[in-house]
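This report describes selected helices, one sheet and one residue of the structure shown below.

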Amino acid sequence: MATNQSNSPAELAAEPRAWTKEEVLGDLRIITMSRELDEVEKHWQKAGRAKFCILGAGQELAQLAAAKPLKNGDWLRSYYRGITEALTPREALAQVLGDAEAGHDPASGGRMMGRHFGSRVVGDDGELIDLTKQINHASDISPTASQMGPALGLAIASPILAKHPEIQEAFPGLGTGKEVVHVCIGDASMAEGIALETINQAVVQRVPLIISVYDNGYGISVPSDKQIAHASISKALSGFAPQEEGGPGLKIIGPVNGWDYPALRAAYDEAYTWARETGNPALVHAKVTQLEGHSSSGDHRRYKTKERLEWEVEKDGITCFRKWILENELASSDELEAVATKARDFVRAEAEEAWRQYYEPLAILASEARGLFERAQQEPGVLGALEQHHQHSSSNNLFVQALELQTDSDLKTRNYLTLARILTFARGLLLVLKGHSPSGAVTAATRDFCLKIESLGKTRYSTKSYASGDKSPLNAPLVAPSYGEKAESDTGAHVIAAGFATMMRQDPRVIAYGEDVGSLGGVTTCTLGLQAGSDQVEPSIWRKSPALKRYVPEKGFGIGRVWDTAIAEGTIVGAAAGLALRGLRPVGEIQYHDYVNYGAQQLEDELACLRHRSNGGQEAPAIIRCHGHRLLGMWHSGSPMAMMLRMPGLRVITPRNAVQAVAMYRAALQHGRDPVFSVEPLLDLYGKVPVPDNLDEVCLPLGHSEQLRGGDDLTIVTYGHCCTLALQAAELLQTVHEISVEVIDLQSLNPVDLNGVAAGSIRKTGKVLFFDEDYENGAMSMISKTLLFDRQDDDGRPMTWYLEAVKILSAPDHKPAYGTDGGFFSKPQVHNVVDTVCGMLDQLDGRGRKLY
């Protein structure tokens with residue numbers, strides 16, 4: 001068996017290297033700049049300029065070595081200490097300030113705290129730029145180890161591009177397949193499940209992923225022996241190493257000392273060479289020091305011994321690097337000091353410029369607000385009102401606030417100007433003016449000023465959660481299914497598989513993966529034939545399936561575009577973010593909605609908010625699909641939709657049948673740039689549906705509700721499999737009680753009813769039952785609030801103005817019990833719908849329709 005680790009640090013350090021003096025001094029300049037940024041941020045926080053700081057002192061040399069082998073086209077996914085890897089001082093400091101002025105913080109537009117970097121990969125025209133022309137940095141976030149899932153997807157994209165030249169030919173800016181991905185993570189964060197999922201899948205799928213584990217001996221205050229098995233990640237992961245010489249596996253290099261420049265350079269040269277040449281993952285275990293606490297809110301002196309603190313200083317990477325340069329006679333002490341001084345001076349100058357460009361626009365607005373205050377004092381009666389306000393509001397009076405908004409040329413003294421403070425002052429002034437000079441010119445000017453600040457704040461912080469214009473799936477063309485006189489029928493599952501086949505033919509970027517998606521064709525056969533065509537389908541099934549025979553290629557699309565994954569929902573979702581960032585169109589499957597919780601963190605923190613947190617600079621057009629609604633037992637009857645509706649940036653669809661699913665998938669994949677979560681109705685996949693003649697064209701914009709049955713007495717608003725129950729109930733109500741019920745299928749829960757079909761029905765009948773099988777206070781509680789209170793008619797009246805009766809019918813507040821009876825009494829049935837409707841009408845006219 002081959003060794004599971006590379007050469008020792010001592011052996012690596014002893015290897016001859018031919019680094020030039022210029023390169024070495026350039027590296028010293030970079031890490032000195034990185035350290036100086038820490039110093040600036042600490043000073044800013046003490047001075048009140050910065051709210052919070054995360055420092056990287058001690059990791060600079062390791063981060064430098066990790067980033068040096070990156071080439072144009074490669075991808076980096078860092079974490080919140082990765083300042084050296086993404087060193088652009090002015091932009092980094094703009095982010096620390098929360099500077100939202102255009103272009104100052106290109107990574108997030110002032111939306112994320114410091115050290116959360118990312119390059120812009122979406123151009124001003126909304127299209128991906130040429131990703132081969134730059135080193136690409138996927139947007140960083142705070143949750144520990146979260147970066148691992150998307151990094152896996154970024155790396156999976158390389159072999160896909162390499163094996164499918166048709167993608168390169170059609171979309172040359174996506175890459176050649178030779179790109180590698182570097183992701184860095186703290187040692188303690190390797191205990192997270194998503195980190196271990198990623199390691200496992202990187203080895204199994206053989207992807208060029210380089211993982212840097214920075215090990216400072218602690219996870220905040222908890223030492224490594226309480227975090228990681230054997231107190232060593234390289235030992236703990238040894239079973240992932242190649243099991244034979246030259247075989248596949250995780251190449252583990254280290255531990256290597258993070259203060260040893262030659263050893264670090266050699267380690268990363270080896271890691272990148274392994275990944276580029278073999279296509280397999282590598283891990284560098286770097287021992288680093290930590291010269292500050294976990295963040296500016298912590299003090300490591302509380303949990304480290306005096307000896308440990310002295311050791312941290314002794315092994316500081318910058319100190320050791322300078323010593324190594326002198327020992328190898330690459331430069332003199334004077335030269336080193338000159339480089340360091342120049343680096344520090346540069347950062348300080350950039351810091352002043354970052355502060356100036358942040359402060360000056362605020363100073364202009366503050367001056368405008370003070371000007372309004374001074375004008376207001378000239379209005380008759382207003383000065384007296386302001387003085388009275390001053391006497392009765394000692395903690396928040398306008399005179400004090402006006403003094404605080406004073407500006408002068410000494411930028412260093414004005415640390416408290418914020419948009420929020422300026423708006424608070426202006427609104428207070430407007431409140432006084434409205435009471436004493438409601439129609440005055442100053443009142444109007446102050447109102448306009450407040451509206452301007454409100455609009456500015458909204459634009460800066462509350463936009464770009466979703467794609468817009470022709471990039472939005474809401475604006476996809478509506479192409480209804482058409483059926484010939486002799487339309488054949490097929491199972492819903494086969495129709496979905498055929499639908500995906502049409503989209504994969506039309507766009508080589510569309511890929512499908514997940515548990516059992518490949519060789520089996522999905523547990524519900526929704527991807528049957530996509531990987532290997534008729535070879536993976538029983539001849540009798542193929543012959544009897546008009547959808548598969550017509551639309552699925554005889555040989556399928558191959559294992560490069562359709563593949564199986566481990567039972568690992570976290571990386572199924574996380575990988576979608578990385579694959580989409582590379583410009584692909586991933587469709588990831590989680591078998592049952594009940595198991596989405598394993599991937600919920602990646603769904604919310606990586607996929608859903610990517611566009612917003614990057615201020616539109618990055619996007620993840622992907623579909624995560626699962627099967628849900630009623631089937632059998634507690635974990636195969638998933639209907640808890642509310643969690644998905646609490647993820648801003650995520651589109652949520654609930655197709656009632658296979659044709660509707662295909663139509664919405666086409667809107668998402670071919671016409672949209674948003675991540676979409678889909679719950680397919682499990683029971684309805686096995687029934688037969690007519691196959692449209694235009695399955696390769698059907699398209700349904702997201703947010704379109706549909707009337708399934710007309711009626712005048714009451715509206716039922718529902719979605720998914722509940723549409724079947726609602727239609728059955730409506731038929732009974734008409735037959736038995738002569739009640740005319742209109743049934744509306746929402747089809748999409750976020751967005752909801754943009755075409756106003758449900759709202760129009762509610763206005764018409766004045767009575768509405770919101771019906772689903774989520775838990776109490778679940779999705780329908782949220783949807784009813786949106787439709788009844790947030791939406792208004794043309795005269796500005798909410799839907800409640802039209803209501804005579806409203807009720808929500810959902811499932812009991814517990815997981816569905818097992819068995820026929822368990823499922824029957826755990827989910828609302830047709831008779832529950834009938835009884836609820838009768839009860840609602842009985843309350844209005846007292847006719848006593850309800851059985852009991």
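Contact here means heavy atoms within 4.5 Å. The model is predicted, and helix H17 (residues 492-506) lies across five strands of it, namely S10, S11, S12, S13 and S15. H17 runs at about 140° to S10.

These strands belong to an open sheet of seven, ordered S11-S10-S12-S13-S15-S14-S20, with mixed pairing. Its edges are S11 and S20, each of which pairs on one side only. On average, neighbouring strands of the sheet are turned by 20° against each other, direction ignored.

The residue ranges of some of the strands are as follows.

| Strand | Residues |
|---|---|
| S10 | residues 510-514 |
| S11 | residues 562-564 |
| S12 | residues 585-592 |
| S13 | residues 623-628 |
| S14 | residues 651-653 |
| S15 | residues 676-681 |
| S20 | residues 748-750 |

At the S20 edge, S14 and S20 pair in the antiparallel sense over two bridges. Val652 stands opposite Asn750 in S20.

Helix H5 (residues 148-163) has 16 residues and reaches 24 Å from its first C-alpha to its last, close to the expected 22 Å. H5 is mostly covered, with 13 of its 16 residues buried.

Thr443 is found in helix H16 (residues 441-461). Is Thr443 buried or exposed? Thr443 counts as buried because its relative accessible area is 3%, and the cut-off for buried is under 20%. Leaving aside neighbours within four places in sequence, Thr443 is in contact with Leu430, Leu433, Lys434, Ser437 and Pro438.

Note on methods: Residues numbered from 1 in each chain as written. Predicted model: local features only at pLDDT ≥ 70, side-chain atom pairs only at ≥ 80, totals over all residues. Heavy atoms only, no water. Helix = DSSP H or I, 4+ residues; strand = E, 2+ residues; numbered from the N terminus. Buried < 20%, exposed > 50% of the residue type's maximum accessible area, 1.4 Å probe, protein only. Expected span 1.5 Å × (residues − 1). Pairing = 2+ DSSP bridges. Axes fitted to C-alpha atoms, helices over the stretch in contact; angles between N-to-C directions.
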